[in-house]
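Student: I should like to understand how the descriptive terms applied to a structure are justified. May we work through some examples together?

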Amino acid sequence: MRFLQIPPPRGALVALVCFALSACFAIEKFNIVDDYVRFILITLGINIILCASLNLVNGWMGEFSVGHAGFMALGAYLSAIVSAKWLVGTNPQWMFPLAVVAGGLLAAVVGLLLGMLSFKTRGDYLAIVTLAFLMIVKSGIENISYVGGPRGFLGIGNETTLLWTAVWVFLTLWVIRNLVYSRYGRGIIAVREDEIAAGAMGVDTRKAKLTAFVVSSFFGGVAGALFAHQLQFINPGSFDIVKSTEILVMVYLGGIGSLGGSVLGATVFTILVQVLQPLGTWRMVILPLVLVLLMLFRPRGIMGLREFAWFVPRREFPKKEEEK
Amino acid sequence: MDYFAQQAINAVQLGSIYALIALGYSMVYGVLVMINFAHGDVFMVSAFFCFLLLLFVPAPFVVALIVVMLATALLGVCIERLAYRPLRNAPRVSSIITALGCGLVIQNTTLSLSPYSQRMPELFHSKTWQFGEITVSSLQVLIVCVSVGLMLALDFFIRRTRYGLAMRAIAQDRLSVPLMGIPVNTIISMTFAIGAGLGGAAGVLYGLAYPVIGASMGMLVGWKAFVAAVIGGIGNMRGAVLGGYMLGAVEVLTVTALPSTYRDLVAYSLLLVILVFKPHGLLGRPSVQKV
C-alpha cells in the first residue's frame, strides 16, 4: 500500500476529475454501458456521497448518528415535490439542480435544528435524538397525503444522470476534504479526541459540532434527491433504520475519519449488495453481521483514521530546509 | 366518563408491557452506560419462543411464562458474552453499533425464517366481567398483575439483596468494584439475564394480548419501550416504569383522538419534546462529567 502514500503530481487531481467527468458525459452521450451498469454506477455515486457525509459526523466528529436515512428522506421528498409538482414541465437542465439543492437545504436546516437540540448534552443523546428524528420523518411522511402517504410518491422524472451524480460526488468529496483539513476541521477532530480539552484550547466545540452536522445533513439530503430521481419512486419505507444501517456499514467498513476509506467502503458495499442479491432477506442478516464483526475485530475499518495521499490537500507553505 | 375509564384500562394494559421492556433497557444502561438496541428484538424473539413452545407442547400459562423467560434470559446472556463483552473497554460508540447490528441480525433472521406474521395459539382462556359500562377481561387483570408482580420483585431484588447491591455498586464505579471482591462479569451477565428475562415475560404477555406476532414487532413495540425508558430517565428503574405507563396512556389517547397512523409520530415527538426540557428524562439525574 506504499504507493497510495505518494502525493499526486501537481495538476493530476484536476486532470483526473476532468477525465472522470468527461468519461461520464461520454457514457451518457454514446450509451457505452448498458442500463444495469449505469444504474450500479449511479448507486455507487450516491453511496459515496452518503458514506462520506455520514463519516463526517460518525468518523471525524466521533458522535453516533443513526438518522442519515431521515435526511435522505427529507431531500428525496422535497426535491420530488419541486420537480414533479411545482416546476413540472420546465426545462430539466436547471430545474433538476434546483430541486437537488432545495432538498439538501431542507435537510441542512432540519439538521441545524436537530443539532442545536441534541448537542446540549454529550454522550449517547445524538443517537437517541436522531433515532427519534428518523421515526418522526418516516411516520410524518406516511401521514401526508400530498406526497402519497404510505403508498409512496409516484411520477418522479428520471433526471439523475451519471454526469450529475459524478458532479455531486466530487463536490461532496471536495467540500469535506477542505473542511476537515481546515481550522474548523481540526476543531471537529479535537472534539472527537477530547471535547473538554478542545474547549480549553479555545475550540468553539458547539459551533464545530453544528458545522459538521449541518454539512453532513446537507449532503445526506442531496443524496436523497439523487436517489429519488434515480428510482423515480420513493416511499417512506425506503428510508427506515435499515437504510441508516446500510450507510453505517459503509462508513465502518471503509474506515472512520477517512475520505479514501469512504470511497472504498461505498464501493465494496455496493458490489457486496449486488453479489448477495440471490440470498433474498438473508442478505439483511449478513450486512448487520458484517457490522458486528467489524466492530469486534477491526473497529476502525479498512482505512481507519488513515488517508490516501490523493485526498490530502497540497500544503501551500514551503517546507523548512532541514526537513528536505 | 365510562369511555375514559375503559380507555384507562387499555392504557394500563399497554403501559405494563412497555414498562417491562423498558426496564431491560434501563437496567443495562444503568450498569454499563450502554444503549442495548438489540433488546427490542430480544423481546420480539421471546414472543416467537412462546409461539414455538405452544406449537409443540400445550403448556399452561405459568410453565410457558417461566420457560420463555429462561430461554430469553439465555439469549440475552449469549449476546452479552459474544458481542458486548469483548467491547467493554472499547469506545462507547462501538458497543452501540454492535447492539444495533445484533438487533438487526436477530430481526432479519426471524424475518427470513418466518416471512409472514404468525397467530399465537390461545394460551389463556379469557373471561370478561362487566362493571356497568366498563368491560374488564381476566386477561387484562392477568397482564397487569404479572407485570406489576415482576416489577415489585425486581425492585426488591435491586434494593434488598446482595446481588442488587453489587449491581448498584457497578453502576456507581465499575473500576473499584472488583477490588471489593465482587465478580463484575457475573453481575453484568446477570443484569443482561434479568433484563432479557423481563423482556421475555413481556413477549408472552404481548402475545396473549395482541395475538398476531411478526418480525417487525421489535421495531414497532420494542423501540417504543426504549422511548419510554428515555422519557422516564434511562438508567432509572422507577423512571422506566413511569415512562412505560405514560407512553401507554399517551398512545391510547392518541388513538382515540386521531387516526391510528399518528401513534408513532406522537410517541417519538413526545420523546423529542421531553428531551428538550429534561435532557436526562423525567427521573434521571444529570451525570457529571469528570475531567
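Tutor: Let us begin with a contact between two helices in this predicted model. B:Lys224, B:Ala225, B:Val227, B:Ala228, B:Ala229, B:Ile231 and B:Gly232 in α8(B) meet B:Gly239, B:Ala240, B:Leu242, B:Gly243, B:Gly244, B:Met246 and B:Leu247 in α9(B). These contact residues comprise 9 nonpolar, 4 polar and 1 charged.

Student: Why is α8(B) called oblique to α9(B)?

Tutor: Helix α8 (residues 217-232) of chain B packs against helix α9 (residues 237-257) of chain B at an angle of about 120 degrees, and their axes are 7 Å apart. Roughly perpendicular covers 65 to 115 degrees and roughly antiparallel begins over 145, so an angle in neither range counts as oblique. Therefore α8(B) is oblique to α9(B). Their crossing is right-handed.

Student: What makes B:Val63 exposed or buried?

Tutor: B:Val63 lies in helix α3 (residues 61-84) of chain B. A residue is exposed if 12 or fewer other C-beta atoms lie within 10 Å of its own. B:Val63 has 12 within that distance, so it is exposed.

Student: How many of the residues of chain B count as buried?

Tutor: Of its 291 residues, 48% count as buried.

Student: How does the radius of gyration of chain B bear on a comparison with a compact globule, and what is the value?

Tutor: For 291 residues, a compact globule would have a radius of gyration near 19 Å; chain B has 19 Å, so the two agree. Along its principal axes, the C-alpha trace of chain B spans about 60 × 45 × 35 Å.

Note on methods: Residues numbered from 1 in each chain as written. Chains lettered and ligands numbered in written order. Predicted model: local features only at pLDDT ≥ 70, side-chain atom pairs only at ≥ 80, totals over all residues. Axes fitted to C-alpha atoms, helices over the stretch in contact; angles between N-to-C directions. Helix = DSSP H or I, 4+ residues; strand = E, 2+ residues; numbered from the N terminus. Parallel < 35°, antiparallel > 145°, perpendicular 65-115°, else oblique. Left-handed = near helix turned anticlockwise from the far one by under 90°. Contact = placed C-beta atoms within 7 Å. Nonpolar A, V, L, I, M, F, W, Y, C, P; charged D, E, K, R; others polar. Buried ≥ 20, exposed ≤ 12 C-beta atoms within 10 Å, placed from the backbone. Rg over C-alpha atoms; globule rule 2.2 N^0.38 Å.
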